[in-house]
Amino acid sequence: MVIGTMLCLLPLDPFKMLYWSAVLNGVAAAPVMVMLQPLSRSRAVMGQFDSPRGLQAVAWIATAAMCLAIAGLAASMFL
């Protein structure tokens, strides 16, 4: 709460802060998705609720799309 209060008192544009927090959230989501893929198919972790092969394929496609979007973001920012 103290950090949030301090951020409100700074002369920063709240919309820019919201935008960059969403960008950071999107960048952080890709590694989490990569780590969750093996866990979701592990019977030792998920028990009887492990994911079927079709769902795994869709999840890997979504993960690849997220990684490509981050690569595109990095390319557009730094080139």
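A22 sits in helix α2 of this predicted model. With a relative accessibility of 47%, A22 falls in the partly exposed class, because that class stops short of the exposed one, which begins over 50%. Looking across to C67, the sequence gap is 45 residues, and the C-alpha atoms of A22 and C67 end up 16 Å apart in space. Another α2 residue worth a look is F15. F15 is exposed, its relative accessible area coming out at 66%. Going from F15 to S42 takes 27 residues along the sequence and covers 41 Å between C-alpha atoms.

Next comes the pairing of α2 with α4. Helix α2 spans residues 14-41 and helix α4 spans residues 53-78. The two pack at an angle of about 150°, and their axes lie 10 Å apart. Angles over 145 degrees count as roughly antiparallel, so α2 and α4 get that label with respect to each other. As for handedness, α2 goes past α4 in a left-handed crossing.

Which residues make up this contact? On the α2 side they are W20, V23, G26, V27, A29, A30, M33, V34, Q37 and R41. Their counterparts in α4 are Q56, A59, W60, A62, T63, M66, C67, I70, L73 and M77. Sorted by type, the residues of the contact between α2 and α4 come to 15 nonpolar, four polar and one charged. C67, the partner in the A22 distance above, is thus listed on the α4 side of the contact.

Several α4 residues can be taken one by one, starting with T63. Buried or exposed, where does T63 stand? T63 is buried, as its relative accessible area is just 2%, against a cut-off for burial of under 20%. Setting aside residues within four places in sequence, T63 is in contact with M33, V34 and Q37, and these three are listed among the α2 residues that meet α4. The C-alpha of T63 is also 6.4 Å from that of A30, although 33 residues along the chain separate the pair.

M66, also in α4, has a relative accessible area of 24% and so is partly exposed. What does M66 touch beyond residues up to four places away in sequence? The contacts are G26, A29, A30 and M33, and these again appear on the α2 side of the helix pair. M33 therefore turns up in the contacts of M66 as well as in those of T63. Along the chain, M66 is twelve residues from G54, and the C-alpha atoms of M66 and G54 are separated by 19 Å.

Q56 is a further α4 residue. Q56 is buried, with 12% relative accessible area. Not counting neighbours within four places in sequence, Q56 is in contact with Q37, R41 and S51. Of these, Q37 and R41 belong to α2 and are listed in the contact with α4, whereas S51 is located in the loop between α3 (43-46) and α4.

S51 itself counts as buried at 14% relative accessibility. Leaving out residues up to four places away in sequence, S51 touches S40, R41 and Q56. R41 thus touches S51 and is in contact with Q56 too.

That leaves the salt bridges. How many does the structure hold? There is one, and D50 forms it with R43. The closest N and O atoms of D50 and R43 are 3.3 Å apart, and the cut-off for such a pair is within 4 Å. The two partners fall into separate accessibility classes: D50 is partly exposed at 22% relative accessible area, while R43 is exposed at 54%.

Definitions and conventions. Residues numbered from 1 in each chain as written. Predicted model: local features only at pLDDT ≥ 70, side-chain atom pairs only at ≥ 80, totals over all residues. Heavy atoms only, no water. Axes fitted to C-alpha atoms, helices over the stretch in contact; angles between N-to-C directions. Helix = DSSP H or I, 4+ residues; strand = E, 2+ residues; numbered from the N terminus. Parallel < 35°, antiparallel > 145°, perpendicular 65-115°, else oblique. Left-handed = near helix turned anticlockwise from the far one by under 90°. Contact = heavy atoms within 4.5 Å. Nonpolar A, V, L, I, M, F, W, Y, C, P; charged D, E, K, R; others polar. Buried < 20%, exposed > 50% of the residue type's maximum accessible area, 1.4 Å probe, protein only. Salt bridge = Lys/Arg side-chain N within 4 Å of Asp/Glu carboxyl O.
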